[in-house]
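Got the viewer open and a selection box ready? Let's walk through this one stop by stop, picking residues as we go.

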Amino acid sequence: MLRLQHIWQKVLKGDANAQRKLYQMTSAEIMNICRRYLSKQEFCQDAFQETYIKVFTKSAHYNSKKGTLSAWMAKVAVNECLQILRKQKKLVLLDVISDVHSPTTDEDVISDLSAEEIYAEVARLADGYRTIFNLYVVEGYNHNEIGEMLGISPVSSRSQLSRAKLILKEAIRKKTKTVSYEAAQ
Amino acid sequence: MRQLNNQEYKDALKSVHKDFDETGLWQNIESQVEKKQRKNCWVWIVRSILSISTLLFLWFVVFTNEEQKAHFSESNTIVEVASDAAISMTDNSNSGSQPSKLENVSTSKEIISSRVKQATSELATIENESGALSEVSISTGNAKHQNIVENVVIVGENKIIGPAQYKEKKFGTNYQDTLQSLPQIEHLQLFLEATPRLLSRKRAVFQAIKEKRQSMTPSFFSVTSQLSMPATQYEVRRASDASWVSDAANHTVDLYSLGVSVNYGLALTDNFTMLAGLHVGRRTNRVNISFQDITTKTVETDSAIYLINSFGESQFYKGEQIETTTLTSTIQNYNHLYTLGISLGGQYEMQLTDKVSCYGNGVLHYNPIQFAKGIAINEEAKVDEFSQFTSGQSLAISCGLGMNYRLNGTTDLTAGFRYLSDITSRYNSEFIKVTSQSLGMELGLRFRLR
């Protein structure tokens, strides 16, 4: 962390070497964020590049009192991804409250899937569901914040998350049984 | 088998890392960051050059004219009037009554007054001939307002270096007051030595100025209006913006562009004139937006699927279907983009006949004020205010070719063609460059200043 701060001080002064070091230290994490939101590789790379361009050209916007550098960079990346999704008109979010039964994932999702398999199942979700799922579960935003970011009501955000989890649960359950069946064979 | 909660999802999703072209992406990022920094640098350089050029131009226009005016209306006149007065004293000395002291000037009032009358009328004649702007303020019948030389530096016989220092003083209505003030002139003795050639030099100076003015194209003030047909180009720098920009381009039809320019032209040589002024412009386009608002909703159906898997377990899946509602709306609107700025350029003019001349000019337009009224499609494919997408300022370049027709002694009719091209983007996004080129006609009046 200290090393990152030291590098950041140099980045603020426009040091090209420091920019490269910062990139090397954080690129894997940022690319992971971009991939979670954007399935197409070209858009993913756009968001990734744009994140670093903003980080380097608007470095003065970072306020260390508001959070860590990594968190700020992650936020920039998430915003870039959302922007691209909006432009691609893929972020079709229904601002309605669904009557679907909302299970809590903590209690009824059972899986022996690997991280890669869970990642793949999440990636198969529709853009809107996946976005809300990532924002809530991975980034840790609450429904009010998600509502503001996406222009929907918190209730709708909650409903969409429930729906996303339900779909994911079903997908994982199927996958688990298929894996078990193949193992039994 | 284990349970998955939010934290486990989070850990699983964060732990997956896939390889990517780290070096290639870094090169792109590095080049774009450099480009952006260079671009910022150029923006500042252009702004600085424009500001300095404008200041220099204003300084040149204002102070050069002031100096010329001072030279004609004050310095020469005063020195010459004083020297005229001194000539009469020289004449007096030839007659054997040369005043040995300044106090003795008062004894020659009669002679001086007659010479002042003579010199004044001669001066007025020369000035009328030369068309000089100097104001002759001394007259024998009614002295109005006169500057008196307090200190004049004379080198050699008739060479005057530097402007004289004046003491402004109001006199009465009688030239006698002027004559009485003559003893106040310091170094009057020097005038006695220098004045015999000052009058002839005065005539030569006025003649030279007259000839120079006649040979030069005069400075002018012009008012011109333009009507042209614009063509807008959209350049996308990022793949993700392509569809949005393509939509924006397809929905927009360029209509026309109007402009009014007010310029001051300062003649620098016989044919070349420096232009500076203000420009107001308006570009109009029509937006036809036909968009679809698609909403989807998942609803349960009466059907269901009942499956028995390979373990003999039964699974019941309730049927679902997605209802899609498509709402198509069409909107037509006229968008206006207004610009207000300063212009700086140069014009070359060639006289064809007595009344007709042709010109070619190039002008740089800096518009610190630019705003838009209308609608556009936003990034979410919804209708939004056009103003939020346009940048607050712009830079453009134009060139014109045309003819001037002399209507009377001071006024010309101007008509020609003008091509204008944006240098900077009309949009405030760094990833979309929207520029416009327009070709049209201009018509105006030009008032020559002599």
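Select Y9(B), A12(B) and L13(B) in α1(B): these residues are buried. Now look down the helix axis. The three cover an arc of only 95° around that axis, which puts them on the same side of α1(B). If you want the rule of thumb, an α-helix has 3.6 residues a turn, so residues three or four places apart point the same way. Keep in mind as you click around that this is a predicted model.

What do those residues of α1(B) meet over in α6(A)? Add A115(A), I118(A), Y119(A) and V122(A) to your selection, and you have the α6(A) half of a contact whose other half is Y9(B), A12(B), L13(B) and S15(B) in α1(B). Colour the set by residue type and you should count seven nonpolar residues, one polar and no charged.

Next, show the two helices as cartoons: α6 of chain A covers residues 115-123, and α1 of chain B covers residues 6-15. Two packed helices are described by the angle between their axes and the distance between the axes. For this pair, the angle is about 95° and the axes are 8 Å apart. That makes α6(A) roughly perpendicular to α1(B).

Stay in chain B and move to helix α7, residues 242-251. Which of its residues are buried? Pick W244(B), V245(B), A248(B) and H251(B). Sight down the axis of α7(B) again: the buried residues fall within an arc of 135°, so they line one face of the helix.

Now for a strand. Go to β6 of chain B, residues 219-236, and find S228(B) there. Is S228(B) buried or exposed? It is buried, with a relative accessible area of 8%. To see its surroundings, skip everything up to four places away in sequence and display what S228(B) touches: Y256(B), S257(B), S438(B), L439(B) and G440(B).

One more strand stop: β9 of chain B, residues 314-351, is where you find T326(B). This threonine is partly exposed, at a relative accessible area of 44%. Draw a distance from the C-alpha atom of T326(B) to that of T296(B), and you should get 8.8 Å, for two residues 30 apart along the chain.

Zoom out to take in chain B as a whole. Its secondary structure comes to seven helices and 15 strands. Of its 450 residues, 39% count as buried. Among chain B contacts with a separation of 6 or more, 71% are between residues 24 or more positions apart. Turn on the surface and you are looking at about 25,000 Å² exposed, with carbon and sulfur atoms supplying 56% of it.

Over to chain A. Start in helix α1, residues 2-12, and click on Q5(A). At 24% relative accessibility, Q5(A) counts as partly exposed. What is Q5(A) in contact with, leaving aside neighbours within four places in sequence? Light up Y62(A) and L69(A). L69(A) is 64 residues along the chain from Q5(A), yet their C-alpha atoms are separated by 8.0 Å.

Last view: all of chain A. Trace it from the N terminus and the elements run α-α-α-α-α-β-α-α-α-α, which adds up to nine helices and one strand. Buried residues make up 49% of the 185 residues here. For contacts between residues at least 6 apart in sequence, 70% join residues at least 24 apart. With the surface on, chain A exposes about 8,800 Å², and carbon and sulfur atoms supply 49% of that.

Note on methods
Residues numbered from 1 in each chain as written. Chains lettered and ligands numbered in written order. Predicted model: local features only at pLDDT ≥ 70, side-chain atom pairs only at ≥ 80, totals over all residues. Heavy atoms only, no water. Axes fitted to C-alpha atoms, helices over the stretch in contact; angles between N-to-C directions. Helix = DSSP H or I, 4+ residues; strand = E, 2+ residues; numbered from the N terminus. Parallel < 35°, antiparallel > 145°, perpendicular 65-115°, else oblique. Contact = heavy atoms within 4.5 Å. Nonpolar A, V, L, I, M, F, W, Y, C, P; charged D, E, K, R; others polar. Buried < 20%, exposed > 50% of the residue type's maximum accessible area, 1.4 Å probe, protein only. Areas by Shrake-Rupley, 256 points an atom, 1.4 Å probe, with all protein chains shown as cover. Arc of directions from axis to C-beta.
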